[in-house]
Amino acid sequence: MKKTVISVKNLVKKFGSFTANDNLNFEVYEGEIFGFLGANGAGKTTALRILSGLSSPTSGEVIVAGYNAKKDPEKIKKNIGYMCQKFSLYSDLTIRENIMLYGGIYGMPKTLIIKRTEDLLDKLSFHEYSDRLIADLPLGLKQKLAFSVAVFHEPKIVFLDEPTGGVDPITRRQFWEMIYETANRGITVFVTTHYMDEAEYCNRVSIMSEGKIVAIDTPAKLKEQYGAKTVEEVFIKIARPDNRPHPLPSPSRLSGRGGNWVGIE
Amino acid sequence: MQKVVEASGISKKFGETQALKNISFEVNEGEIFGFIGPDGAGKTTLFRIITTLLLPDEGEMKVLGLNSKTGFKELRKNIGYMPGRFSLYQDLSVEENLNFYATVFGTTVNENYDLISDIYSHIEPFKKRLAGKLSGGMKQKLALSCALIHKPGLLVLDEPTTGVDAVSRSEFWDMLKKLKQYNITIILSTPYMDEAMRCDRVALIQGGQILSIDKPQKIKEGFSKKLFRAKASEKYGLINALRQYPETVTAYPFGDSVHVTFINDKFDNSIFMHLKKMGIDDAIITETEASIEDRFLELMKKA
């Protein structure tokens, strides 16, 4: 029997007259690697913010790790981990300080923090770097550490927002092995990515378009259903249903805060 | 064939960091030439040297037949550069930005409109909108229009598709292919390995060094071993079990399967017995073709 750790029913989120999330319905299970895909501005970030307790739904019921996103967002925050590409660690603290800071923020007992910090440094073979500032670390190591810190308090779910952007292919693979290992321990991994080959690494994926979920299934079944060889082909077929091949966003969507373009701000 | 870029022995240091180490390459006229590599590989530094914004510590950079050190004034008129960060004026409208760039380069929008019409027509309905209020995809199209409006001989695009969804990336590549008919040479960088296949030639770059330069098909063919793909329902278990098999050289996750190489480029029944012992009883192993990424991984490990 699969245990549900995220349950979303009729989720709607509006900003003024703009509907960012338009009646979303889905479930995510314990220990699952769930890929949350969509075009720029499709509403992924909005949904992710609600699921992680940072924003409240306009209507609908969202239950994450057993808590209601509208009533108990603080409890959700305690029971999840979060990592994004842009910011995850404090550059002017050392590796050890960062790890211990996160343990402290999540209210872990000091003895446990100390023990797990040593375990983590062992596991990552980071002892020689432990007193170096984050700013001095190469990107790949930073991302691995950021992920480890996000699951340091053993949350039920970890949210990863484009965790592997710009990372070299070897590090990306090591990163995904860390994700597998984490999911094997029963932690649910909820991940967004623009690398469509990474979608194939997930147990199930959903594809969002214009505020709606237009597909949700295992990568294998989606490929079969759309007669596609890769998830990328499926994505290109359905992520923008209208105005193809050269869609113009409708003016109502333009007024929203879509289009999360790294480097083009 | 005309050489648009001739780089020989380019090195660049920032303090202790060696950003580029003795890099040499040539780009031919009309080519789409891609630099493929992760963040910190040196792509941006190299592009700033090509566009005369930086001087190399060592080596010589010739662009469009001119030395980048002595001919930079002339060169800048002939290069279109789209940096990784959005570089347009956010508080000018779409139309004002385009006019501004045209004027700076001593031309008019009308003069070269045919060159950009395909791209600009997508954003023209919003020409009165401030550039800062555009969506990501539209910003990208405007930036490309502005980089092209003076009909440059060389177009340099620094990670134009980073953070962009797969649909927009695919559209962007279609636009670049169309530019080929105007004989504009395009140099671009990308962290997405799959985009390498869309280039005429690519250079794989890592740690300030070029690992390989060739046609993408040739780079794939350079993979030195026979590659196999293994599939099982328990993927994490499969990776670990494959690594413990004595004949295995490499095993790493790749999309929905695991890519494996073996010492003698073959496997026999003993692997299935080994996997079964490790709790994997539904494994399927077949031979597969290496991709650019497989080759990149192989070169990175050798480097």
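**Figure 1. Domains of chain B.** The domain assignment splits chain B into domain 1 (3-215) and domain 2 (227-302); such bounds come from an automatic or database domain assignment. The model is predicted: local features need pLDDT of at least 70, side-chain atom pairs count only at pLDDT 80 or more, and totals for chains, interfaces and linings use all residues. Residues are numbered from 1 along each chain as its sequence is written, while chains are lettered from A and ligands numbered from 1 in the order in which they are written. Taken over C-alpha atoms, the centres of domain 1 and domain 2 of chain B are 39 Å apart. Their contact takes 7 residues from domain 1 of chain B and 5 residues from domain 2 of chain B. Two residues are in contact if their C-beta atoms, placed from the backbone, lie within 7 Å. On the domain 1 side, strand S9 (201-206) and strand S10 (209-214) of chain B each supply at least two residues. That side divides into 5 nonpolar, 2 polar and no charged residues. Nonpolar covers Ala, Val, Leu, Ile, Met, Phe, Trp, Tyr, Cys and Pro; charged covers Asp, Glu, Lys and Arg; the others, Gly among them, are polar.

**Figure 2. Chain B as a whole.** The C-alpha trace of chain B spans about 70 × 45 × 40 Å along its principal axes. Its secondary structure comes to 10 helices and 14 strands. Helices (H or I, at least four residues) and strands (E, at least two) are DSSP runs, numbered from the N terminus. Of the 303 residues of chain B, 48% are buried. Buried means 20 or more other C-beta atoms within 10 Å of the residue's own, exposed 12 or fewer, and partly exposed in between, with C-beta atoms placed from the backbone. Among contacts in chain B between residues at least 6 apart in sequence, 71% join residues at least 24 apart.

**Figure 3. Chain A as a whole.** Chain A has 10 helices and 10 strands. Buried residues make up 46% of its 265 residues. Of the contacts in chain A with a separation of 6 or more, 68% involve residues 24 or more positions apart.

**Figure 4. The contact between chains A and B.** Chain B gives 37 residues and chain A gives 42 residues. Elements giving two or more residues to the chain B side are helix H5 (136-148), helix H6 (166-179), helix H8 (235-244), strand S12 (248-254) and helix H10 (292-302). H6(B) provides the largest share of that side, 5 residues. By class, the chain B side has 15 nonpolar, 13 polar and 9 charged residues.

**Figure 5. H9(A) against H6(B).** The axes of helix H9 (residues 231-238) of chain A and H6(B) come within 9 Å and cross at roughly 85°. H9(A) is therefore roughly perpendicular to H6(B), a label for angles of 65 to 115 degrees. Axes are lines fitted to C-alpha atoms, for helices over the stretch in contact, and angles run from 0 to 180 degrees between N-to-C directions. Glu232(A), Phe235(A) and Ile236(A) of H9(A) meet Ala166(B), Val167(B) and Ser170(B) of H6(B). This contact has 4 nonpolar, 1 polar and 1 charged residues.

**Figure 6. H5(B) and the loop before it.** All 13 of the 13 residues of H5(B) are buried. The end C-alpha atoms of H5(B) are 19 Å apart, which agrees with the 18 Å expected for 13 residues at 1.5 Å a residue; the expected span is 1.5 Å times one less than the number of residues. His122(B) lies in the loop between helix H4 (113-120) and H5 of chain B. His122(B) counts as partly exposed because 19 C-beta neighbours lie inside 10 Å. The C-alpha atoms of His122(B) and Tyr245(B) are separated by 55 Å.

Technical notes:
Angles under 35 degrees count as roughly parallel, over 145 as roughly antiparallel, 65 to 115 as roughly perpendicular and the rest as oblique.
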